[in-house]
Amino acid sequence: MNTARALSANLASLLRREHSALGAFLVALADFDRRRAWMTLGHASLFAYLHRELRLSKAAAQYRKVAAELIEEVPAVGEALGEGRLCLTSIVEAARVVTAQNWETVLPRFFGLSRREAMEVVAELQPHPAPPTRTIVSPMRTAPSKVAAGPASALPTLPLEVGAAGPAEENCTPGSSGELTMREGRRPAAPAAAPRPAEVVPLTADLRRFHLTVSDRFLRKLQAAKDALSHARPGATEEELLEAGLDLLLEKAAKRKGLVAKPRKTPRPAKSDHIPAHVKRAVMERDGGRCQFRLPSGEICGSTHQLEFDHIEPVALGGASTVDNVRIACRRHNIISARRVFGDDWMDRYAPGKASLPAETG
Ligand SMILES: [Zn+2]
């Protein structure tokens, strides 16, 4: 634990230096651009200078160019970058709406946001004038990523498509341009092998455009569902059909977690690690359906992924299946809690890996 703390402190310090170096670089770049020094050196633009002389990939150069130009207009952007409050990737979005006049109120709204979250803020501040609500099915030849840039995205966009979506964008990582560089510079040999996650483009505060690559099998099922519901819900849109299907899934998952609508009159007596449905419901409601594991920072994990019922005092140590002794934990934290109580040796011998932990116990 102490070693992990020391390693983590070192990482935090390195990260602060990364933020600070990035901030300093961009402030200097803004000054460089203000003096048009790139022109003196014979380059056609700041972008050309960054790409050709500093050897940054096109995407990395574009991010830095946009950031430097915004810093020229709003110097506070440089500070926010240096302190790690703003991501380089979300700057591209912020630059659409932040001005010298409004930055004091608008800029803080982008603090700590990923690019996708920043896109949502932009959509709220600058809603799409006529959000397209049509469904387009276009056949794909090879790379799934081609479909994402469909004709429907009529949003005004900067010439920067790289890394607009994907797991790397989920966290605020100003240094994630490495990821972008990789996609831009060394495109994987077989792009079709790694399907991109569905792309979401915010249009207004409430509307999103959702690009999704699906199989022909999926489309046949969608048509079959349309036909099957043609009497009950004539003219249902694709969104309505898919949402109805998702509702069914969620209802099923809620039942499995004990969130059924009607509580049983006489709850079964708690036996060993069995958690009665009324306890599950109460715990689920109290914990708001989120992992309650407390992180070293003092915050709770809050994950809604792979949730399980975790006995705070384990059943093996006499813990009861009561509302007070059961909490929601994500699978990873359920396992971490168990390892803390039983120790790694015991867990490796009796519950190696994730699969052997029963879903209900902790
Ligand atoms: Zn968790």
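## Close-up views of a predicted model

**Figure 1. Geometry of the zinc site.** The 4 donor atoms around the zinc ion subtend angles of 100 to 124°, and the arrangement is therefore tetrahedral. As in the other views, the structure shown is a predicted model. For reference, the ideal angle for four tetrahedral donors at a metal is 109.5 degrees. Coordination comes from the SG atoms of Cys-291, Cys-301 and Cys-330 together with ND1 of His-333, at 2.0 to 2.4 Å. Along the chain, the donors of the zinc ion are spaced as C-x9-C-x28-C-x2-H.

**Figure 2. Cys-301 and His-333 at the zinc ion.** Both residues coordinate the zinc ion, Cys-301 through SG and His-333 through ND1, and this pair links distant parts of the chain, the two residues being 32 residues apart. Cys-301 lies in the loop between α13 (277-286) and β3 (307-311), whereas His-333 belongs to helix α14, which covers residues 331-350. With a relative accessible area of 25%, Cys-301 is partly exposed, while His-333 has a relative accessibility of 11% and so counts as buried, the cut-off for buried being under 20%.

**Figure 3. The largest pocket and its lining.** The largest pocket has a volume of about 1,600 Å³, and of the 46 residues that line this pocket, those closest to its centre are Thr-135, Phe-210, Leu-212, Glu-238 and Leu-242. At least two lining residues are supplied by each of β2 (208-211), α11 (216-228) and α12 (238-256), and α12 gives the most, with 10 residues. By residue class, the lining of the largest pocket divides into 26 nonpolar, 10 polar and 10 charged residues.

**Figure 4. Surroundings of Ala-205.** Ala-205 is placed in the loop between β1 (199-202) and β2, and its relative accessible area of 53% is why Ala-205 counts as exposed, a class that requires over 50%. Leaving aside residues up to four places away in sequence, Ala-205 touches Ala-123 and Glu-124. Ala-205 and Leu-125, although 80 residues apart in sequence, have a C-alpha to C-alpha separation of 8.0 Å in space.

**Figure 5. The protein chain as the setting for the close-up views.** The protein chain has 14 helices and 4 strands, and buried residues make up 35% of its 362 residues. Among contacts in the protein chain between residues at least 6 apart in sequence, 59% join residues at least 24 apart.

Notes
Residues numbered from 1 in each chain as written. Predicted model: local features only at pLDDT ≥ 70, side-chain atom pairs only at ≥ 80, totals over all residues. Heavy atoms only, no water. 1 Å grid on protein atoms, 1.4 Å probe; cavity = no way out; pocket = protein on both sides within 12 Å on 5 of 7 lines; lining within 4 Å. Points joined across faces, edges and corners; volume = space filled by probe spheres on them. Nonpolar A, V, L, I, M, F, W, Y, C, P; charged D, E, K, R; others polar. Donors = N, O, S within 2.8 Å, 3.2 Å for Na, K, Ca; no water. Tetrahedral: all angles 85-135°; square planar, octahedral: opposite > 155°, others 65-115°. Buried < 20%, exposed > 50% of the residue type's maximum accessible area, 1.4 Å probe, protein only. Contact = heavy atoms within 4.5 Å.
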